[in-house]
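Me: Please set out the structure below as a series of questions and answers for a computational chemist.

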Amino acid sequence: MNEAFAKLLMWSFTAAGYGVAVIWLIAFFRAAGRRDSQSVEASGFVSGNRAVDGAGRVMLGAAAGVAMGVVAGCSGMLTLIINAGGDVDMPELFGLAFLAIPVGLIACPGLVLWGTVVSWRVAERDPDLDAAAMVAAAGSTAGANAVGGEQTDALDAPFDPLDAPFDPPTSLQKPSGERDAGR
Amino acid sequence: MFFGGAELLFVGFMLLYGLNWIGLVLFTGAMGLRRRRWGTPGGGWMLVSAALYGAVGLGLVMLIPLGVIAGPGNAAWVESVALASVVVLIAVWVGSNAALAKALFTAWRAADEAVKSQGSPGVGA
């Protein structure tokens, strides 16, 4: 029984490692594609297209994830080979490769989270409020009141009616002499 | 391998791992509250991922006493439970990575929508 579980552990470690590597390989190439497809004339630095923002951070994080997954998968496979009686002789220094696992555990999700937050910041600047459809799809009933305000986007909508009385955006953003006459 | 002599390193590393993910959960949650972004595209997947990571970290930390107890000469079923738990935790680890990738792709799609809705790429931003 124990032997079977130990073997299952090795197999699952191998499969999980390579699975994680595939996930982050896909993410890496998608991030690279985002950077590449919009990098020349439509670059964020030139034209203000911010869709590429954060893609480089995601590429770094995904690379760490691929390294972590490959090392995990290979170590699982090595354990399987050793367990089956194979004679594996590795140099001492090769153990440094296992550092990819702790590094990847921290760096991969950290950088990917950072890149995702950047994408959220881009998504929240939705000037024509197309994202109202997203709020509607999410089942919010409060969106109708707030959609249309210049300072809000649809993602703010469910919260805006509650926040409005306590939130003075115009007076903070304009110099005191330039207030609208109607206010 | 799992019941070897490197428990101290294992404990330290797994505590770090658990703390990292507790920190991530707090960070994500605080960010959502601060920016009122519970409707953030992919934010739910992000929280799912953080919770799964936290579960893996916590589960591994909780396995350590079991691993220390289940030294040589202990009941076979204890070791079986420990090994089976690690298998489950490894599967959860893959799931948390998949949820994180899903959150990322959802956020990218929303960012593309936002940029597209600005008409020409030079407007806004």
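Me: Is A:Ala51 buried or exposed?

Reply: This is a predicted model, in which local features need pLDDT of at least 70, side-chain atom pairs count only at pLDDT 80 or more, and totals for chains, interfaces and linings use all residues. Residues are numbered from 1 along each chain as its sequence is written, chains are lettered from A and ligands numbered from 1 in written order, and side-chain values use heavy atoms, without hydrogens and water. Buried means under 20% relative accessible area, exposed over 50% and partly exposed in between, with a 1.4 Å probe and protein chains only. Because its relative accessibility is 2%, A:Ala51 is buried.

Me: Where does A:Ala51 lie in chain A?

Reply: Helices (H or I, at least four residues) and strands (E, at least two) are DSSP runs, numbered from the N terminus. The C-alpha atom of A:Ala51 is separated by 7.3 Å from that of A:Ser119, 68 residues apart along the chain. As for its place, A:Ala51 is in the loop between α2 (44–47) and α3.

Me: How many helices and strands does chain A have?

Reply: From the N terminus on, its elements run α-α-α-α-α-α-α-α. The secondary structure of chain A therefore amounts to eight helices and zero strands, by the DSSP runs.

Me: What end-to-end distance does α3(A) have, against its expected span?

Reply: The expected span of a helix is 1.5 Å times one less than its number of residues. The 29 residues of α3(A) should therefore span 42 Å, and the distance between the end C-alpha atoms agrees with this, at 41 Å.

Me: Which residues touch the most other members of the largest nonpolar core?

Reply: A nonpolar core is a set of buried Ala, Val, Leu, Ile, Met, Phe, Trp, Tyr and Cys residues joined through side-chain atoms within 4.5 Å. The largest one holds 46 residues, and those touching the most other members are A:Trp24, B:Tyr17, B:Trp93 and B:Leu104. Two or more residues each come from α1 (2–37), α3 (55–83) and α4 (100–124) of chain A and from α1 (7–34), α2 (43–69) and α3 (76–116) of chain B. The element that gives the most, with 14 residues, is α3(B), while the residues asked for are A:Trp24, B:Tyr17, B:Trp93 and B:Leu104.

Me: Which residues is A:Ser12 in contact with, leaving aside its neighbours within four places in sequence?

Reply: A:Ser12 sits in helix α1 of chain A. Because its relative accessible area is 16%, A:Ser12 is buried. Contact means heavy atoms within 4.5 Å, and beyond those neighbours within four places in sequence A:Ser12 is in contact with B:Val87 and B:Ile90.

Me: How many disulfides are there over all chains?

Reply: A disulfide is taken as a pair of cysteine sulfur atoms within 2.5 Å. Of two cysteines in chain A, A:Cys74 is partly exposed because its relative accessibility is 32%, whereas A:Cys108 is buried because its value is 0%. The count over all chains is zero.

Me: What share of residues 94–115 of chain A is helix?

Reply: The unreviewed UniProt entry annotates residues 6–29, 58–82 and 94–115 of chain A as "transmembrane region"; positions are given in the numbering used here, feature names are shortened, and annotations may be inferred rather than shown by experiment. Residues 58–82 are 100% helix and 0% strand, with end C-alpha atoms 36 Å apart. For residues 94–115 the end C-alpha atoms lie 32 Å apart, strand accounts for 0% and the helix share is 73%.
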